[in-house]
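Hi everyone, thanks for coming along. I'd like to walk you through a structure that is probably new to most of you, so let's have a look together.

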Amino acid sequence: MSQLFDIEIICKTEKDTRNLAINFAKLLPHNSSIALVGDLGTGKTTFVGGLAHGLGISDGVRSPSFNILNIYSSHVSLLHIDAYRLDGSEQATETLMLNDFLVPPYYLVVEWPERLYNFLETCTFKVMFSMNNDFSRTICIRPTH
Ligand SMILES: Nc1ncnc2c1ncn2[C@@H]1O[C@H](COP(=O)(O)OP(=O)(O)OP(=O)(O)O)[C@@H](O)[C@H]1O
Ligand SMILES: [Mg+2]
C-alpha cells in the first residue's frame with residue numbers, strides 16, 4: 001500500500017494541489033503524521049485545505065501562523081500545525097502539549113516540520129513542495145518507512 005503514495009506530480013494550479021490532497025486523504029491510514037516540506041508560498045496550506053476536504057471536514061482551513069495549532073473535527077480530527085514561528089527546540093514543542101490533542105482517529109499535518117522537535121524523524125509521510133520556473137509546483141509524496 002505504501003507504494004501508492006510514492007509519487008511525484010506537477011500541479012499547475014491551486015486546484016491541482018487541492019485535488020492531489022483530496023485523493024491522498026482518501027487513502028491515508030488513521031493516525032498518520034505528515035510533514036509538509038517546502039519554501040514560503042509553495043502550496044502547503046492549500047494542500048491542508050484539500051486534506052480536510054478529503055477527510056470530510058467542512059471547516060475552512062486557515063493558515064495557523066498566529067495560533068500555531070488549529071484543530072478541525074468531524075468524525076476524525078485533523079491537527080494542523082504551522083511551526084514557522086517555533087525554534088525547533090524540545091521545550092518550544094512541549095508547550096504545544098500535542099500528546100493531549102492526538103486522540104485517535106487523528107491526522108497530524110505540519111508546515112515547517114524542521115522547526116518542530118523530532119517531527120521529521122518520526123512522521124509517517126513527507127510531502128515536498130517546490131516551485132518551478134513557470135510557477136507550477138512539483139509535489140512529491142513519500143512514506144517514511
Ligand atoms: N500548484 C499551484 N500552482 C500555482 N499556485 C498555487 C499552487 N498551489 C498553491 N498556489 C498558490 O500559492 C499561494 C501560496 O499558497 P499557500 O499559502 O498554500 O503556501 P504555503 O506553502 O502554505 O506558504 P507559507 O510557507 O507562507 O505557509 C496561494 O496563492 C495559492 O493559491
Ligand atoms: Mg502555509
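**A walk through the sheet and its surroundings**

Let's start in the middle of things: strands β4 and β5 run parallel and are joined by 6 bridges. Before I go further, please keep in mind that what you see is a predicted model.

Two pairs are nice to find on the screen. I81 stands opposite V110 in β5, and L79 is placed opposite L108, again in β5. As a general reminder, strands of a sheet pair through backbone hydrogen bonds, in either a parallel or an antiparallel way.

Now look at the other neighbour of β4. Strand β3, residues 69–73, is joined to β4 by 5 bridges, and these two run antiparallel. They form a hairpin, with 3 residues between the strands. If you want a landmark here, take N70, whose bridge partner in β4 is H80.

So is β4 enclosed or open to the outside? It is largely enclosed by the rest of the structure, because 5 of its 6 residues, in the stretch 77–82, are buried.

Let's zoom out to the whole sheet. It is an open sheet of 7 strands, in the order β1-β7-β6-β2-β5-β4-β3, with mixed pairing. Which strands stand at the edges? They are β1, residues 7–11, and β3; each has a single partner strand, so one side of each is left without a neighbour in the sheet. From one strand to the next, the twist averages 15°.

Next, please turn to helix α2. This helix lies across β2, β3, β4, β5 and β6, and it runs at about 170° to β5. How many of the 11 residues of α2 are buried? The count is 9, so we can call the helix mostly covered, and the buried ones include F47, V48, L51 and A52. Among the elements that cover those buried residues are α1 as well as β2, β3, β4, β5 and β6. Just after α2 you will meet G56, with a positive phi of about 80°.

Helix α2 also brings us to the ligand. Ligand 1 has 19 residues around it, and the ones that come nearest are C11, G43, K44, T45 and T46. The elements that give two or more residues to this shell are α1, residues 14–27, and α2, residues 44–54. What is the shell made of, by class? There are 3 nonpolar, 10 polar and 6 charged residues. K44 and T46 deserve a second look, as both are also in the list of buried residues of α2.

I'll finish with a few backbone details. In general, most residues other than glycine have a negative phi, and most peptide bonds are trans. Here are some exceptions.

N31 is not a glycine, yet has a positive phi of about 60°. You'll find N31 in the loop between α1 and β2, and this residue is partly exposed, with 14 other C-beta atoms within 10 Å.

M97 has a positive phi too, near 50°, and is likewise a residue other than glycine. M97 sits in the loop between α3 and α4. Is M97 buried or exposed? It is exposed, with 10 other C-beta atoms within 10 Å.

Last comes a peptide bond: the one from P104 to P105 is cis, with omega near -5°. P105 belongs to the loop between α4 and β5, which takes us back to the strand we started with.

How values were computed. Residues are numbered from 1 along each chain as its sequence is written. Chains are lettered from A and ligands numbered from 1 in the order in which they are written. This is a predicted model: local features need pLDDT of at least 70, side-chain atom pairs count only at pLDDT 80 or more; totals for chains, interfaces and linings use all residues. A residue is near a molecule or strand if its C-beta atom, placed from the backbone, lies within 6 Å of it. Helices (H or I, at least four residues) and strands (E, at least two) are DSSP runs, numbered from the N terminus. Ala, Val, Leu, Ile, Met, Phe, Trp, Tyr, Cys and Pro count as nonpolar, Asp, Glu, Lys and Arg as charged, and the others, Gly among them, as polar. A residue is buried if 20 or more other C-beta atoms lie within 10 Å of its own, exposed if 12 or fewer, and partly exposed in between; C-beta atoms are placed from the backbone. Two strands pair if DSSP finds at least two bridges between them. Axes are lines fitted to C-alpha atoms, for helices over the stretch in contact, and angles run from 0 to 180 degrees between N-to-C directions. Two residues are in contact if their C-beta atoms, placed from the backbone, lie within 7 Å.
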